[in-house]
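Trainee: I would like a close look at one part of this model, namely its interior, with the terms spelled out as we go.

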Amino acid sequence: MEHGGGLGPRIIVSFGDGKIFITETVFFGLIVAAIIGVTLVWLASGLQRVPTKRQAVAEFIVEFVYNLTRNAMGSANMAFAPYVGTIMLFILMGNALGLFGFRPATADVNMTFALSTITFFLIEYNSWRSMGVKRKLKHMCEPYPFMFPLKIIESVSRPISLGFRLFGNIFGGVVVMELIFGGLATLSGKMHLPIPFMQAFIPLPANVFFDMFEPVVQAFIFTMLTMVFISIEVIRHGEAEHH
């Protein structure tokens, strides 16, 4: 593998004198997506009236996602549950790649902005479709017409804040772990230890936090903020909701 600059993702393969390249973010992102797809298809295959253990796991996942969506967005917005479940699983697995010694896919700002941009277009498309052009423009000019450019800035800032929040937290964990392992490697060298004892055991609490606890928390926060933004903007059944 070739290396990118600094703490950026490594370049796996490049073409055309390095102008076109595939980073480990893209590579592992595709692997995570494939694992999620294959696993869920496997869990949902061969459904029976009396659930097997495999089917019970599938039903638990679906029930959890739909209950989370219902509680956060209301029964009128249950159509968003598949997206909510997909984005949560992808971010959770992308965050937790550090458990297996790989760089988290979400430690790349390109990945986090791609995810937040998808959410942005989902919100805006459904908002304009559900409210209609006239009502949407009226909503963006409330309570005064000069609020229109501010509402545009507010809408554009959402994917930026979502992307930076996820990237900053996960990338921060990567930096901290690099510093810890680098410092312990230097200390082990100065102590002339025959095995990297300090690197193997001392960072365990940090590993648990940054590679297990933090991925779950950040996946949940990103998903909850996505549902909140959708709930604010999307209006169902002609009922105007102002938050």
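To begin from the outside, how much area does the chain expose, and what share of it do carbon and sulfur atoms supply?

Mentor: This is a predicted model, in which local features need pLDDT of at least 70 and side-chain atom pairs count only at pLDDT 80 or more, while totals for chains, interfaces and linings use all residues. Residues are numbered from 1 along each chain as its sequence is written, and side-chain values use heavy atoms, with hydrogens and water left out.

The chain exposes about 14200 Å², of which carbon and sulfur atoms supply 72% (Shrake-Rupley method, 1.4 Å probe, with only the protein chains shown counting as cover for residues). Turning inward, 35% of the 243 residues count as buried (under 20% relative accessible area, against over 50% for exposed and in between for partly exposed, with a 1.4 Å probe and protein chains only). The chain has 8 helices and 2 strands, and along the sequence both strands come before the helices (DSSP runs numbered from the N terminus, H or I of at least four residues for helices and E of at least two for strands). Among contacts (heavy atoms within 4.5 Å) between residues at least 6 apart in sequence, 61% join residues at least 24 apart.

The largest nonpolar core (buried Ala, Val, Leu, Ile, Met, Phe, Trp, Tyr and Cys residues joined through side-chain atoms within 4.5 Å) has 28 residues, and those touching the most other members are I87, F90, I91, L115, L166, F222 and I230. Two or more residues of this core come from each of α1, α2, α3, α4 (109-131), α6 and α8, with α3 giving the most, 6 residues. Beyond residues up to four places away in sequence, I230 touches M73, F80, L122 and I123.

Two of those well-connected core members, L166 and F222, also belong to the lining of the largest cavity, together with L162, R165, Q218, I221 and L225. A cavity is a set of points on a 1 Å grid over the protein atoms alone where a 1.4 Å probe fits but cannot get out, whereas a pocket is an open set with protein on both sides within 12 Å along at least five of seven lines, and lining residues have an atom within 4 Å of a point. The structure holds 1 cavity of 30 Å³ or more, and the largest cavity contains about 30 Å³ of space (the space filled by probe spheres set on grid points joined across faces, edges and corners). Its lining draws at least two residues from each of α6 (148-190) and α8 (204-233), and α8 supplies the largest share, 4 residues. By class, this lining has 5 nonpolar, 1 polar and 1 charged residues (Ala, Val, Leu, Ile, Met, Phe, Trp, Tyr, Cys and Pro are nonpolar, Asp, Glu, Lys and Arg charged, and the others, Gly among them, polar).

The second largest pocket holds about 350 Å³, and of its 17 lining residues I61, G85, M88, L89 and L92 lie nearest its centre. Two or more of the lining residues come from each of α1 (24-44), α2 (53-73), α3 (81-95) and α8; by class, the lining has 15 nonpolar and 2 polar residues, with no charged ones.

One charged side chain deserves attention as well: K136, in helix α5 (residues 133-140), counts as buried because its relative accessibility is 1%. Apart from neighbours within four places in sequence, K136 is in contact with E124, S127, W128, M131 and E233.
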